[in-house]
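Student: Hey, got a minute to go through this model with me? I'd like to start in the middle and work outwards.

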Amino acid sequence: MLKEFINKYYLDRQKDRAQHHFYISDAGKCSRAIFFKFKNAPREEMDARILRLFDHGDSIHRLIMKPLLSMKEVHVVASEVDIPPQELIRGRADAIISDGKDLYVLDIKSMNSMVFKNLNRAKEEHIDQLQLYLHYLDPKKGILLYVNKDTQELKEFVIKYSSPKARSLIKPLTELKTKIDSNIIPSRISSWPDNWQCKYCPFKEICGLAGPGNVKWLDFKKKIEAQTKI
Ligand code: SF4
């Protein structure tokens, strides 16, 4: 009985999931998948178990912040820091911290033992996200802190701001905004369907139907509505 109610709680929170802004976590991600999120295109329903795992990630963040907030060696200047409002992108960094000498943007990531064990350098997609935080916030250095959620082990990587890198991440989002506004579905990523994003993509079915290139969304929407009767 409880299991069904708890699952329903998570699944209900997924309803009306159209995205209206870019988020820092969209950096470097497949433009077509982001487009589909903006248009609330039909997607595979996420497992309630996966949604609970996201909540678990939030509780790990609180667990890490607790000692940081009470120690002398490190000062938490601010936690849950929104990037300044601007047209394109929204995001909230976990914290800005100081070691008494330098300021850092802190981004906490949790993962399972299997992924954590093989982590010898920061993951590219996490560096991309941190580069955008560093672009929009004042500290120009950041720390990616990884937590093994099975064993609570930690690994950390210091990342310096790179303006060319940040700009190379912002440019495709600006281009994608034009496509969203003009209802043009962007092409697939070149490594489709082997790219890791495709493996976990909730839009892989309709992506296959759309074909590889740019497609007019309104025509395609009629096609999938006719097929799925949504
Ligand atoms: S299946 Fe791959 S290419 Fe298609 S939308 Fe998803 S991530 Fe993008």
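Tutor: Sure. Bear in mind that this is a predicted model. Let's start with H2: six of its eight residues are buried, so the rest of the structure largely encloses this helix.

Student: Which residues of H2 are the buried ones?

Tutor: Arg 32, Ala 33, Ile 34, Phe 35, Phe 36 and Lys 37.

Student: And what covers the buried residues of H2?

Tutor: The cover includes H6, E8, H7 and H8.

Student: Let's zoom in on Phe 35. How many other C-beta atoms lie within 10 Å of it?

Tutor: There are 21. The cut-off for buried is 20 or more, so Phe 35 counts as buried.

Student: What is Phe 35 in contact with, leaving aside neighbours within four places in sequence?

Tutor: Leu 176, Lys 179, Ile 180, Ile 185 and Pro 186. There is also a long-range pairing to look at: Phe 35 and Trp 217 are 182 residues apart along the chain, while their C-alpha atoms are separated by 9.6 Å.

Student: What happens just after H2?

Tutor: Asn 40 takes a positive phi there, about 50 degrees.

Student: OK, over to H6. What span should its 19 residues have, and what do the end C-alpha atoms give?

Tutor: H6 covers residues 163-181, and at 1.5 Å a residue it should span 27 Å. The end C-alpha atoms are 27 Å apart, so the two agree.

Student: Which H6 residues are buried?

Tutor: Leu 169, Leu 176 and Ile 180. They cover an arc of only 50 degrees around the axis, which means they sit on the same side of H6.

Student: What do they pack against?

Tutor: The buried residues of H6 pack against H2 and against helix H5, residues 124-136. Two of the Phe 35 contacts, Leu 176 and Ile 180, are among those buried H6 residues.

Student: And which residues are exposed on the other side of H6?

Tutor: Ser 163, Pro 164, Arg 167, Lys 171, Thr 174, Glu 175, Thr 178 and Asp 181. Just after the helix, Asn 183 has a positive phi of about 60 degrees.

Student: Changing topic: the ligand. How many residues surround it, and which are the closest?

Tutor: 13 residues surround the ligand, and the closest are Cys 30, Arg 188, Cys 198, Cys 201 and Cys 207. The elements giving two or more residues to that shell are H2 (31-38), H7 (196-199) and H8 (204-210).

Student: How does the shell break down by class?

Tutor: Eight nonpolar, two polar and three charged residues. H7 and H8 come up again here, as they are also part of what covers the buried residues of H2.

Student: Where is the cis peptide bond?

Tutor: From Trp 192 to Pro 193, with omega near 0 degrees. Pro 193 is in the loop between strand E8 (184-185) and H7. As background, most peptide bonds are trans, and most residues other than glycine have a negative phi.

Student: So back to positive phi. What about Glu 80 and Gln 152?

Tutor: Phi of Glu 80 is near 50 degrees, and that of Gln 152 is near 70 degrees. Glu 80 lies in strand E2, residues 75-82, whereas Gln 152 is in the loop between E6 (141-148) and E7 (154-160).

Student: Is Glu 80 buried or exposed? And Gln 152, buried or exposed?

Tutor: Glu 80 is exposed, with 10 other C-beta atoms within 10 Å. Gln 152 is exposed too, with 11.

Student: What about the N-terminal end, say Tyr 10 in H1? What does that residue touch?

Tutor: Not counting residues up to four places away in sequence, Tyr 10 touches Ala 48, Leu 51 and Arg 52. Tyr 10 and Leu 51 are 41 residues apart in sequence, and 6.4 Å apart C-alpha to C-alpha. With 17 C-beta neighbours inside 10 Å, Tyr 10 counts as partly exposed.

Student: Last one, the whole chain. What's the overall picture?

Tutor: There are nine helices and nine strands, and 26% of the 230 residues count as buried. A compact globule with 230 residues would have a radius of gyration near 17 Å, and the chain has 19 Å, which agrees. The C-alpha atoms fill a box of roughly 60 × 50 × 35 Å along the principal axes. Among contacts between residues at least 6 apart in sequence, 67% join residues at least 24 apart.

Technical notes. Residues numbered from 1 in each chain as written. Predicted model: local features only at pLDDT ≥ 70, side-chain atom pairs only at ≥ 80, totals over all residues. Near = placed C-beta within 6 Å. Helix = DSSP H or I, 4+ residues; strand = E, 2+ residues; numbered from the N terminus. Nonpolar A, V, L, I, M, F, W, Y, C, P; charged D, E, K, R; others polar. Rg over C-alpha atoms; globule rule 2.2 N^0.38 Å. Buried ≥ 20, exposed ≤ 12 C-beta atoms within 10 Å, placed from the backbone. Contact = placed C-beta atoms within 7 Å. Expected span 1.5 Å × (residues − 1). Arc of directions from axis to C-beta.
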